[in-house]
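This briefing looks at one strand and its surroundings, and then at the aromatic rings that meet there. Please read it alongside the structure shown here.

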Amino acid sequence: MSPSVPRLAGALGAAAATVFVAACSGVAGSGGNAGSGDGATVTVRVRGLTIVAEVADSDTERRRGLMYRTDLPPGRGMIFEFAGETTSGFYMFRTLLPLSIMFVRDGRVVGVREMTPCPSDDPSSCPVYYPDGVYTHAVEAPARTFAEVATGDPVAIGSD
């Protein structure tokens, strides 16, 4: 093997790690108690639950997510919209509240996870919460919000 092959492999690995951290950091954190950049919200309905979700549809908003929030009332949350399908995980670095996350694709639940705050100052030591499959939307809400939601349940996402 030539010396350039290990160097290239190392560079590719570092690039992949950077993409992973960027994808994950957005999926569980948000600056202050303010909402997304433009204040847009959508209503998410699943199994009789209605969540008014702030929209995080840019890389910056997804990276910030619900970081630093000290309050998230029942029935409120954040929806992460992706341009295409993804399997990226979420983590709770600098996120102060326990959260429930629901992964959605094609109007159906792909999976649900309960996430706990990560007390570490090192984001690489925070657990990563992965979906059960490919998704296009992720919805975060207060802990246990999606406790009764099952894989395959229909999800309605609208602007009302």
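In this predicted model, strand β5 is mostly covered, with six of its seven residues buried. The points below take up the strands that pair with β5, and then the aromatic pairs, including one that involves Phe103 of β5.

**Strand pairing around β5**
- Strand β6 (residues 108–115) runs antiparallel to β5 and is joined to β5 by seven bridges; among these contacts, Ser100 has Glu114 in β6 as its bridge partner.
- The hairpin of β5 and β6 has two residues between the strands, and in this hairpin Asp106 takes a positive phi near 55°.
- Strand β8 also pairs with β5 in the antiparallel sense, over six bridges, and Ile101 has Glu140 as its bridge partner in β8.

**Aromatic pairs**
- The count comes to six aromatic pairs, one of which is the edge-to-face pair of Phe82 and Tyr135, at 5.6 Å centre to centre with 85° between the planes.
- Because Phe82 lies in strand β3 (residues 76–86) and Tyr135 in strand β8 (residues 135–142), this pair ties together parts that are 53 residues apart in sequence; both Phe82 and Tyr135 are buried.
- Phe103 and Tyr135 form a tilted pair, at 4.8 Å centre to centre with 55° between the planes, and this pair links distant parts of the chain, with Phe103 in strand β5 (residues 99–105) and Tyr135 in strand β8, 32 residues apart.
- Phe103 counts as buried because its relative accessibility is 0%, and Tyr135 likewise counts as buried at 0% relative accessibility.
- Ring pairs link Phe80, Phe82, Phe90, Phe103 and Tyr135 into a cluster.

How values were computed:
Residues are numbered from 1 along each chain as its sequence is written. This is a predicted model: local features need pLDDT of at least 70, side-chain atom pairs count only at pLDDT 80 or more; totals for chains, interfaces and linings use all residues. Side-chain values use heavy atoms; hydrogens and water are left out. Rings of Phe, Tyr and Trp (its six-membered ring) pair if their centres lie within 6.5 Å; planes under 30 degrees apart count as stacked, over 60 as edge-to-face and the rest as tilted. Helices (H or I, at least four residues) and strands (E, at least two) are DSSP runs, numbered from the N terminus. Buried means under 20% relative accessible area, exposed over 50%, partly exposed in between (1.4 Å probe, protein chains only). Two strands pair if DSSP finds at least two bridges between them.
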